[in-house]
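Colleague: Got a few minutes to walk me through this model? I'll fire questions, and you show me how you get to each answer.

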Amino acid sequence: MLDQLWQVIALVVAIAVIGVGLVVGLLRGRRGKAPSIPARTTPTRPGGAGRPGAAGGADDGGGSVATLPGGPVTTTPGAEAPALPDLEPPAYEKPESARGRLARLRARLARSNSAIGKGLLALLSRGGLDEAAWEDVEDTLLTADLGVEATTELVESLKTKVKVEGTTDESVVRGWLREDLLRLVDPTMDRRVASTRVGDRPAVILVVGVNGTGKTTTVGKLARVLVAEDRDVVLGAADTFRAAAADQLATWGDRVGVPTIRSEREGADPAAVAFDAVKAAAEMEADVVLIDTAGRLHNKTNLMDELGKVKRVIEKRSPIDEVLLVLDATTGQNGLEQARVFADVVDVTGIVLTKLDGTAKGGIVVAVQRKLGVPVKLVGLGEGPDDLAPFDPAAFVDALLD
């Protein structure tokens, strides 16, 4: 009987020891696990809809997160959502309305394009327009990046008017020049940017361009333009190769209360991040999602193929409503070849000209529109956060002639 009692005691002790060992092992295993992936959540922007809903993991196995003002929110899959701290809401910036920006920045634009304006008017108004003078007019227009075809067309029109009217009065010549330039810029082109919901989905804008054109900054500035128009915006940081590109984009979003969908992993598949951003925007019931892509040289076939893949992957989730090509206006005619290659790969629907202040030459507006058959929709006229303006043909031509 005593032997049996000792056997029972020994068995109980052994079970207890095994149980303690299992508990310790589990605790150590949990310490070694990777932290849980932050779940996407929807912020409430002052003046916005504050729509509920959280997106699931990325289709490539997870890894995209929503960066919100104040940092990401982390949850454990399957667990009850943690209570958010009772903090004062962040003070988001309220961007100024985009309407009238080009007029406000007209003086800056005029300074950058005096080659067309003051120089050309001086030539045309001096009288005695012989062949040598007309060659100077042509050279002035070509220097301003107007392009050979448009320059020839404009000079022939001006020659005819001078011959028929027999005057070189500056005010008359200015009127002719304004009329012909406005025709070349083509005010009939549709310059609206797709930024409203299409049925039950958000509008999708893909932003592309070569390195150094100010693409990520342009996406951030465009987000401000759209927030000023009371759009609910989501940013997608599909530039996964440039160091700190996602941080830069998230900073732009933070300032106006816009969430940024980004990858946790450096060098992640940009197509997967873009897909995730579109999916998250749909679940957040946003108005528009802006997808920033990595800058790439137009003559690098593998990089352009990758951009084509980004477009195809997005289209598995949603149609793309707008492809904006960001061009540096100071690159002149070289930018036209970039534009042609990008248009072949991703069906460009609109141009954003950055750095149109400073040493830029306004004729590039006409040249690039003719090259692609698509309109210039936005222009960057400075380094300020609200120096991106919708392109207004009449205001632009008037600025050239100031």
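Colleague: What is the relative accessible area of E315?

Modeller: E315 is found in helix α11, residues 301–317; helices here are DSSP runs (H or I, at least four residues; strands are E, at least two), numbered from the N terminus. For exposure, buried means under 20% relative accessible area, exposed over 50% and partly exposed in between, with a 1.4 Å probe and protein chains only. E315 counts as partly exposed because its relative accessible area is 38%.

Colleague: And how far apart in space are the C-alpha atoms of E315 and V204?

Modeller: Keep in mind that this is a predicted model, where local features need pLDDT of at least 70 and side-chain atom pairs count only at pLDDT 80 or more, while totals for chains, interfaces and linings use all residues. Side-chain values use heavy atoms, leaving out hydrogens and water, and residues are numbered from 1 along each chain as its sequence is written. E315 and V204 are 111 residues apart along the chain, and their C-alpha atoms are separated by 9.8 Å.

Colleague: Zooming out, what share of long-sequence contacts joins residues at least 24 apart?

Modeller: The protein chain has 14 helices and nine strands, and 48% of its 402 residues count as buried. A contact means heavy atoms within 4.5 Å. Taking contacts between residues at least 6 apart in sequence, the share joining residues at least 24 apart is 79%.

Colleague: Which residues have the most contacts inside the largest nonpolar core?

Modeller: In soluble globular proteins, nonpolar side chains tend to be buried together. A nonpolar core here is a set of buried Ala, Val, Leu, Ile, Met, Phe, Trp, Tyr and Cys residues joined through side-chain atoms within 4.5 Å. The largest one has 74 residues, and those with the most contacts inside it are L124, L177, I291, I314, I351 and L353.

Colleague: Take I291, then: how many residues are in the second, separate core, and what does I291 touch?

Modeller: Setting aside neighbours within four places in sequence, I291 is in contact with I205, L206, V207, G236, A238, A274, A277, V278 and I314. The second, separate core includes V207, L226, L249 and V352. Its size in residues is 23.

Colleague: Why do the buried residues of α5 lie on one side, in terms of their arc?

Modeller: Helix α5 (residues 131–143) has 13 residues and reaches 18 Å from its first C-alpha to its last, close to the 18 Å expected, where the expected span is 1.5 Å times one less than the number of residues. Its buried residues are A133, W134, V137, T140 and L141. They sit on the same side of α5 because the arc they cover around the axis, taken from the directions to the C-beta atoms, is only 115°.

Colleague: How many residues of α8 are buried?

Modeller: Helix α8 (residues 215–228) has 14 residues and reaches 20 Å from its first C-alpha to its last, close to the 20 Å expected. This helix is mostly covered. Of its 14 residues, the number buried is 13.

Colleague: What is the relative accessible area of D230, just after that helix?

Modeller: D230 lies in the loop between α8 and β3 (233–238). Its phi is near 65°, a positive value in a residue other than glycine. D230 counts as partly exposed because its relative accessible area is 45%.

Colleague: D347 has a positive phi too; what is its relative accessible area?

Modeller: D347 sits in the loop between α12 (334–346) and β7 (350–354), with phi near 55°. This residue is partly exposed, at a relative accessible area of 47%.

Colleague: Which two residues make the aromatic pair?

Modeller: Rings of Phe, Tyr and Trp (its six-membered ring) pair if their centres lie within 6.5 Å; planes under 30 degrees apart are stacked, over 60 edge-to-face and the rest tilted. That rule gives one aromatic pair, a tilted one at 5.0 Å centre to centre with 55° between the planes. One partner is buried at 5% relative accessible area and the other at 1%. In that order, they are F391 and F396.
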